[in-house]
Amino acid sequence: MATSRTTPPIDPLTLEVVELIGTVVARYYAEYEQAAAQHALTGAQARVLGLISLDPVPMRKIALKLKCEPSNITGIVDRLEARGLVERRPDPADRRVKLAAATDEGRRTARALRESLDFAREPLGRLSDGERTMLRDLLKRMLGESVEL
């Protein structure tokens, strides 16, 4: 006879925190999709453009970062490239690897997109520097990233 394992109940505070995180994520994605649409981009296109706007990134790394198939990234980059927002370059360290790099217009579009995202900026602006630092460090700990002391 198999014994069933029961999952301990989630305490009310943890449940409230999980629900709040879900609400924040949902609002962020909704605003991000709306901001992307204002620039005639899909949310996925906007995320790729934002990711590569500072430095060229290997196509496979973009797929890993966005947790999707490399073939999806190829299609997204194709469409961004057709609009003049992205270009492909060989990686100087390994010419077999293709980097996706934002063009000047792509960087301008990514900057305008970031500047139009008020949802996160406004509430975070109500927190002190110390509170924002604490929030950042707690989120990094939750994600298993190292926290600078």
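## Close-up views of a predicted model

**View 1. Helix H2 meets helix H3.** Four residues of H2, namely Arg47, Val48, Leu51 and Ile52, are in contact with Ile62, Lys65 and Leu66 of H3. Sorted by character, the residues of this contact are five nonpolar, no polar and two charged. Please keep in mind throughout that the model is a predicted one. How do the two axes of H2 and H3 lie? They come within 11 Å and cross at roughly 120 degrees. H2 and H3 are therefore oblique to each other, since the roughly perpendicular range runs from 65 to 115 degrees. The crossing in which H2 passes H3 is right-handed.

**View 2. Helix H2 packs against helix H4.** Here we stay with H2 (residues 43-52) and turn to H4 (residues 70-82): the axes are 10 Å apart, and the packing angle is about 85 degrees. That makes H2 roughly perpendicular to H4. From H2, the contact is made by Ala44, Gln45, Val48 and Leu49, and from H4 by Ile73, Ile76, Val77, Arg79 and Leu80. Seven of the residues in this contact are nonpolar, one is polar and one is charged. Val48 is worth finding in both views, as it takes part in the contact with H4 and also in the one with H3.

**View 3. An open sheet of three strands.** Which order do the strands take in the sheet? The order is E1-E3-E2, the sheet is open, and the pairing is antiparallel. E1 (57-58) and E2 (86-91) are the edge strands, each with pairing on one side only. H2 comes back into the picture here: it packs on the sheet and touches E1, E2 and E3. The direction of H2 makes about 110 degrees with that of E3.

**View 4. The hairpin of E2 and E3.** Zooming in on the pair, E2 and E3 form a hairpin, with two residues between them. How many bridges join E2 to E3 (residues 94-102)? There are six, and the strands run in the antiparallel sense. Two pairs make handy landmarks. Arg88 stands opposite Ala100 in E3, while Pro90 has Lys98 in E3 as its bridge partner.

**View 5. Thr103, just after the sheet.** Thr103 sits in the loop between E3 and helix H5 (104-115). Is Thr103 buried or exposed? Its relative accessible area is 16%, so Thr103 is buried, the cut-off for buried being under 20%. Leaving aside residues up to four places away in sequence, Thr103 touches Gly84, Leu85, Val86 and Glu87.

**View 6. Two loop residues with positive phi.** Some background helps with this last view: most residues other than glycine have a negative phi. Ala40 is not a glycine, yet it has a positive phi of about 55 degrees. Ala40 is found in the loop between helix H1 (12-38) and H2. With a relative accessibility of 58%, Ala40 counts as exposed, as the cut-off for exposed is over 50%. Lys67, another residue other than glycine, also has a positive phi, near 55 degrees. Where does Lys67 lie? Its place is in the loop between helix H3 (59-66) and H4. Lys67 is exposed because its relative accessible area is 74%.

Terms used:
Residues are numbered from 1 along each chain as its sequence is written. This is a predicted model: local features need pLDDT of at least 70, side-chain atom pairs count only at pLDDT 80 or more; totals for chains, interfaces and linings use all residues. Side-chain values use heavy atoms; hydrogens and water are left out. Axes are lines fitted to C-alpha atoms, for helices over the stretch in contact, and angles run from 0 to 180 degrees between N-to-C directions. Angles under 35 degrees count as roughly parallel, over 145 as roughly antiparallel, 65 to 115 as roughly perpendicular and the rest as oblique. Contact means heavy atoms within 4.5 Å. Ala, Val, Leu, Ile, Met, Phe, Trp, Tyr, Cys and Pro count as nonpolar, Asp, Glu, Lys and Arg as charged, and the others, Gly among them, as polar. Two strands pair if DSSP finds at least two bridges between them. Buried means under 20% relative accessible area, exposed over 50%, partly exposed in between (1.4 Å probe, protein chains only). A crossing is left-handed if the near helix is turned anticlockwise from the far one by less than a right angle, and right-handed if clockwise.
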